Structures are given as structure tokens and as C-alpha cells.
Amino acid sequence: MRTRLNTFHRLSLIACAVLTLCASVIAETTAKAAFSQQTAQVGEEIELTIHVSGTAKVKPPDAPRLDGLVISYAGGQRTESISWINGKRSDDTGATLTYTVLPEKAGAFTIPALTVFADGRPIQTEPVALKVEPGKGGPGENASGDPQRFLWLELSVPKTTLYLGETVSAEMRLYTSVQIGLEEMPEITADGFTQTKLPTQPPRGHVQRNGRDYNVFTFETAITPTKAGKLQFGPAKMHVRAAVPRAQPRRQSPFPDPFEDFFGSGPFVQTQTRELTAEPVGILVKPLPADKPADFSGAVGKFTLSAQGSPGRVKIGDPVTMVLKIAGAGNFDRVTAPTLADPQGWRAYPPSSSFKAEDPAGVHGLKKFEVAVIPEEKKTAMPVFQFSYFDPGAEKYVTLSSGKAPLQVDGQSIPAPPPVASTGAPQAPPVAAAAPVPTDIHGISYEVGRPASLDPPWMSRPFWFAQSIPAALLLGLVSFRSIKRRPDAGRIASLRRAHAENLSRMRGLANRVEFYDRAVRALQAESATKTGQPPGAVDASAVCRAHRLGPAVASAVEKIFHARAESVYAGAGGGGEPLSSEERSEVLATIHQVAGSK
């Protein structure tokens with residue numbers, strides 16, 4: 001009987017291990033679909049790929065049928081990759097399924113979720129979108145003697161309607177069917193936009209358009225509108241050195257051109273420097289709604305918030321380190337640290353931050369903040385943080401909150417110092433009644449002149465003067481030891497120094513972007529001494545509430561914050577009009593009025 005039970009237990013353990021292994025394998029198997037480019041033109045053949053990670057035993061789904069797109073399965077291949085995580089090697093075996101897509105008409109298309117069978121188990125991909133633009137006459141359709149048929153440039157933006165501050169990835173694509181060399185980096189006119197730097201080594205792809213094969217060099221950049229209204233992104237210009245076909249046979253020469261040989265030139269080709277131009281793209285920029293949350297810092301996009309605190313058990317006065325992660329897509333330069341939803345009983349210090357981009361343009365990524373928070377009273381849960389942003393897809397503000405994780409706080413709350421009772425003026429010690437002074441007998445006096453006094457010493461003024469000196473020293477020592485330094489004295493002193501340093505730097509600045517950034521930092525540092533919040537969480541409304549500003553000064557503060565937001569959106573290469581001396585004096589006067597308010 002015991003042998004049967006042991007055998008049963010062994011089989012149960014083996015079954016659990018197998019199930020656990022299968023569950024881990026299943027959990028790691030994923031499928032992701034993506035187009036080779038976000039925007040295409042009618043007649044331009046592109047690729048749709050499905051990458052399966054975790055297994056190579058996959059069954060490709062049937063090609064989806066969409067009106068306006070011709071989709072065909074082109075084949076699949078096995079993929080293998082090796083990665084190291086925390087010093088441990090991880091091998092990943094997968095498969096890549098490729099479909100060719102030929103747009104037949106312009107419009108916006110969405111490939112629905114596709115079902116891939118991996119190891120016999122169905123896995124669904126996420127839907128992917130494609131924008132198809134009308135075909136442009138010219139490239140690939142001109143007369144045979146026109147070199148432009150072999151080389152052209154175009155701009156592409158995934159959306160033509162944006163909100164103020166919304167960041168999207170734009171592409172400038174260079175199509176060529178001949179050998180080329182870049183003379184210089186391209187230039188894109190982007191009035192009213194900020195843009196990231198173009199890559200010096202753009203990735204190269206391959207497409208087919210109008211029956212001709214082309215190499216495509218894609219220059220990707222992130223653009224952000226800085227003002228509302230009808231704007232234009234572009235035009236774009238660049239110069240290239242190209243080996244283009246000759247219109248007529250060239251004259252033979254006994255001395256070959258080595259530069260032409262480098263480009264593969266022959267009797268029927270010649271090297272030329274061509275100036276290419278891409279037409280601008282019209283974009284409508286909408287202003288943000290006025291009902292913004294109090295903690296809104298200008299973040300526009302789609303984000304998620306996660307939080308993790310450690311350690312899980314502390315004493316009152318010991319710090320808890322909170323790691324806050326904001327992931328998604330948007331203008332990460334305007335993503336600031338989340339704020340405490342309920343600061344009662346917590347003292348937070350300024351956070352540190354880092355950013356990791358997930359694409360070349362930096363539109364998708366992860367921003368991490370680390371902030372030290374000290375409990376000042378008994379708590380049973382980690383502090384809750386919140387972050388607000390504007391979602392352009394839903395066209396509304398969204399406020400995210402971190403979850404409540406358990407926390408044990410030991411110790412007693414810091415008690416308030418007991419009031420000191422007023423004792424009034426010091427009372428002299430009681431004087432005993434003096435004995436009757438004899439009048440008939442006097443002691444012998446050895447001094448010449450005035451006879452010595454027979455009064456007790458405490459009846460004289462010099463005695464009490466001499467006694468007051470050690471009493472005053474003792475009272476001063478007791479008072480000095482009883483004075484307690486404010487817990488946040490160091491923080492306030494640091495904020496005062498930051499306020500003074502920003503004011504000092506502002507006086508010699510001519511750069512509009514840095515000037516308004518310093519102005520906002522000075523106001524935030526001054527107001528943080530009263531609100532107890534981190535300076536980065538203080539906005540214009542918080543400054544007005546903290547200092548109880550009048551309408552005129554409050555309006556000037558709002559103007560400074562608004563100017564700073566516009567200058568930040570303009571980036572290092574923008575900043576708008578130059579800073580005038582009158583504007584500088586007005587901003588400095590406003591900051592001094594705020595600092596001097598009661």
C-alpha cells in the first residue's frame with residue numbers, strides 16, 4: 001500500500017512539473033504583426049510580417065481580404081536569437097511569416113487581429129493600421145530620358161490632424177533605382193514644429209512601384225506642433241550624387257573618370273548632383289481643452305503608470321523608495337514625475353528620472369522616476385501617486401493612479417513639542433528675617449576710615465549682580481538645547497538657493513528658451529517652500545494658491561508658465577522671437593512680487 005502511494009506521489013510531482021513547464025512555454029509564446037512602413041501609395045508594394053516568438057512550429061493564417069488591398073502569403077522562415085538577461089543566457093526560437101501587400105486605392109486600412117497556430121495553440125496578433133495615399137505622377141511614369149524617374153523624395157506623416165503638443169513619427173523617404181552618394185544631410189522646413197535629429201545612417205529597404213524596383217532610404221524624425229492652426233510640415237530638400245542614364249551616348253575617352261567608376265558608370269550613365277524636393281504636408285493643429293487637471297504637465301499621448309515601493313517595512317522617519325514607470329507613446333519631454341494623490345502624513349523629496357526610447361524617433365519609450373518618501377505617521381499602504389495626460393485618440397484628459405501596496409510602519413508619530421509655560425519675571429529667593437542688630441557692641445574694625453558693614457551679603461547689590469551672570473549663562477544653555485531644528489530646514493534652504501541661482505542666471509540670458517525655463521524653476525522653488533510639494537509638481541495655479549496672489553500678478557504668472565511651455569515645445573532650435581529688455585524686466589518684477597508676497 002505504501003509503495004502504491006509513493007508511486008502516486010511521484011507521478012503527481014512529475015505531472016505538476018510538466019504542466020508548469022508547459023505553462024511557462026505557453027506564456028512566453030507571442031505573435032506580433034507589423035507593416036514594413038506606415039504609409040504607402042497606390043501601386044506601391046510593401047510587406048506585412050508576423051513574428052512569432054517562443055516556437056518555430058507555426059501555421060500561417062490565411063491572407064486577410066480587404067477591399068482595396070491585395071494581400072498574398074510569400075512564405076516563412078525560422079528565426080533564432082540569443083540574449084543575456086542578468087547574466088543568464090536566453091535562447092529564443094521563432095518564425096517570421098511574410099505577406100506582400102499591394103494597395104489598389106487610397107484610404108485608411110486596418111488589418112484585423114490574425115490567428116496564428118503555434119504548437120497547435122491559437123495566438124492572436126494586434127490589429128495594425130496602414131494609410132494609403134494616391135499615387136503621384138512623375139516617379140516611374142516620366143519619359144525614359146527624364147532622370148527623375150530613377151530618383152525622388154517624399155514626406156509622410158501618419159496623421160494630418162494633431163493636438164498641440166502631440167508627438168508623432170514622420171518619415172522622409174528617398175527612392176532610388178540607381179547608385180547614389182549623399183552630398184549632405186537633408187533639410188526639412190518645419191515652422192511651428194519641433195523635430196528630432198535625422199539619422200546620419202538611415203535604414204534601407206526595398207519596394208516595387210509601377211513595375212520598377214527601388215531602394216528606399218527612410219529618415220525618421222519625431223515632430224511636435226508648438227502652436228494651433230493650419231500648419232505645413234515641409235518642404236524637404238537634399239542633394240545627392242547619382243549615376244543616372246545618359247540621354248545620348250557619351251564620347252569615348254582614353255582617360256576614365258575614377259568617380260564614375262566608383263558609381264558603376266559606363267558608356268550610358270553619368271554622375272550628376274541632383275537637388276531633390278519633397279512637397280509639404282498640410283497639418284491641422286487643435287488646441288488642448290481648457291478643463292485640464294491640476295497636475296497636468298503638458299503630456300500628450302497614450303501612457304500607462306506602474307509603481308513599486310521598497311522596503312515593505314520601515315520605521316517612522318525612514319524613507320520608502322518608490323519606483324514609478326510611465327510607458328507608452330507621446331511627448332516624453334513633457335512627462336514629469338507623478339504627484340502624491342494624498343500627501344497627508346508623507347514627506348516626498350525631488351525625484352530622479354531616466355528615459356529609454358523604443359524607436360529611433362523616441363516616440364515610444366519608458367520613463368522611470370525614483371523618489372524617496374518618508375512616512376511621518378502610522379501607515380498601512382504605500383503612497384499612491386497619480387499622473388495626468390491628454391489622450392488625443394479619446395480627445396480627453398486621463399488621470400492614472402498607482403495601486404495600493406501593503407506597507408508596515410513601526411514606531412510612534414512624531415509628537416508636537418509641548419508648550420512652554422510663561423513664568424513671568426524671575427522671583428528673588430525669599431530673604432529670611434534679619435536678627436536684631438546689637439547697638440551696644442561693635443566688632444573691632446582694622447580698616448581706617450568708614451567702619452565695615454554688618455549687613456548680610458545677600459542684602460547688597462554686588463552680590464545679586466555676581467549671581468545673575470551664571471544664571472544667565474545657564475538659561476542661555478537650556479534655551480539653546482531646547483530649540484529644535486525644523487525637519488525640512490535643509491530642504492527649504494536648498495530651494496532658496498535654487499531660487500537665487502535661477503534669478504542670477506536669468507539676468508544675463510539672451511536665449512528665450514532657457515530664460516523662461518529658469519523663470520518657471522525660480523517660481524516653482526519659491527512656491528515649493530510653502531506647499532511641501534516637489535518643485536517639478538508645482539504649476540501656475542499652485543503658485544497662485546500658495547502665495548494668495550492678486551488677479552494682476554496671477555495673470556503674469558500664468559503668462560510666464562505659458563511662455564515657457566511654448567518655448568519648450570520649440571526645442572533647442574526654436575524659441576520664437578528674441579527676448580526684449582521690457583519682457584525681461586516684466587518677468588523679473590513678477591518673480592520678485594511673488595517672492596515678497598505674504
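## F303 and its ring partners

F303 is buried, at a relative accessible area of 4%; buried here means under 20% relative accessible area, exposed means over 50%, and partly exposed is in between (1.4 Å probe, protein chains only). F332 also counts as buried, with 6% relative accessibility. This is a predicted model, where local features need pLDDT of at least 70 and side-chain atom pairs count only at pLDDT 80 or more, while totals for chains, interfaces and linings use all residues. Residues are numbered from 1 along each chain as its sequence is written, and side-chain values use heavy atoms, with hydrogens and water left out.

The structure holds 13 aromatic pairs. Rings of Phe, Tyr and Trp (its six-membered ring) pair if their centres lie within 6.5 Å; planes under 30 degrees apart count as stacked, over 60 as edge-to-face, and the rest as tilted. F303 and F332 are an edge-to-face pair, because their ring centres are 5.4 Å apart and their planes sit at 85°. F303 is in strand β23 (residues 301–310) and F332 is in the loop between β25 (320–330) and β26 (339–340), so this pair ties together parts that are 29 residues apart in sequence. Helices (H or I, at least four residues) and strands (E, at least two) are DSSP runs, numbered from the N terminus.

F387 and Y389 go the other way: with centres 6.2 Å apart and planes at 20°, the pair is stacked. Both F387 and Y389 are buried. Put the ring pairs together and you get a cluster of F303, F332, F355, F387 and Y389.

## Salt bridges

There are 15 salt bridges in the structure, each one a side-chain nitrogen of Lys or Arg within 4 Å of a carboxyl oxygen of Asp or Glu. One of them joins R347 and E376, at 2.9 Å from N to O. That pair links distant parts of the chain, 29 residues apart: R347 is in strand β27 (residues 346–348), and E376 is in the loop between β29 (364–375) and β30 (385–391). R347 counts as buried at 17% relative accessibility, while E376 is partly exposed at 31% relative accessible area.

Another one pairs R512 with E583, with the closest N and O atoms 3.1 Å apart. Here the distant parts are two helices: R512 belongs to α5 (residues 512–531) and E583 to α8 (residues 581–596), 71 residues apart. E583 counts as buried, at 18% relative accessibility. Within helix α5 there's also a local pair, R521 and D517, four residues apart or about one turn of the helix; their closest N and O atoms are 3.2 Å apart. R521 is partly exposed, with a relative accessible area of 41%, whereas D517 counts as buried at 15% relative accessibility.

## Strand β13 and its neighbours

Strand β13 (residues 168–176) is mostly covered, with nine of its nine residues buried. V168, A170, M172, L174 and T176 point one way, S169, E171, R173 and Y175 point the other way, and all are buried. Two residues of this strand, E171 and R173, also join E154 in a network of salt bridges.

On pairing, two strands count as paired if DSSP finds at least two bridges between them. Strand β11 (residues 151–156) runs antiparallel to β13, joined by six bridges, with L151 opposite T176. Strand β18 (residues 212–225) is antiparallel to β13 as well, over nine bridges, and N215 is the bridge partner of T176 there.

## The nonpolar cores

A nonpolar core is a set of buried Ala, Val, Leu, Ile, Met, Phe, Trp, Tyr and Cys residues joined through side-chain atoms within 4.5 Å. The largest has 31 residues, and F233 and I283 have the most contacts inside it. Elements giving it two or more residues include β11, β13 and β18, but β20 gives the most, with five. A second, separate core of 26 residues includes L503, L509, A563 and L588.

What does I283 touch, not counting residues up to four places away in sequence? Among its contacts (heavy atoms within 4.5 Å) are V157, L162, F193, I223, L231 and F233.
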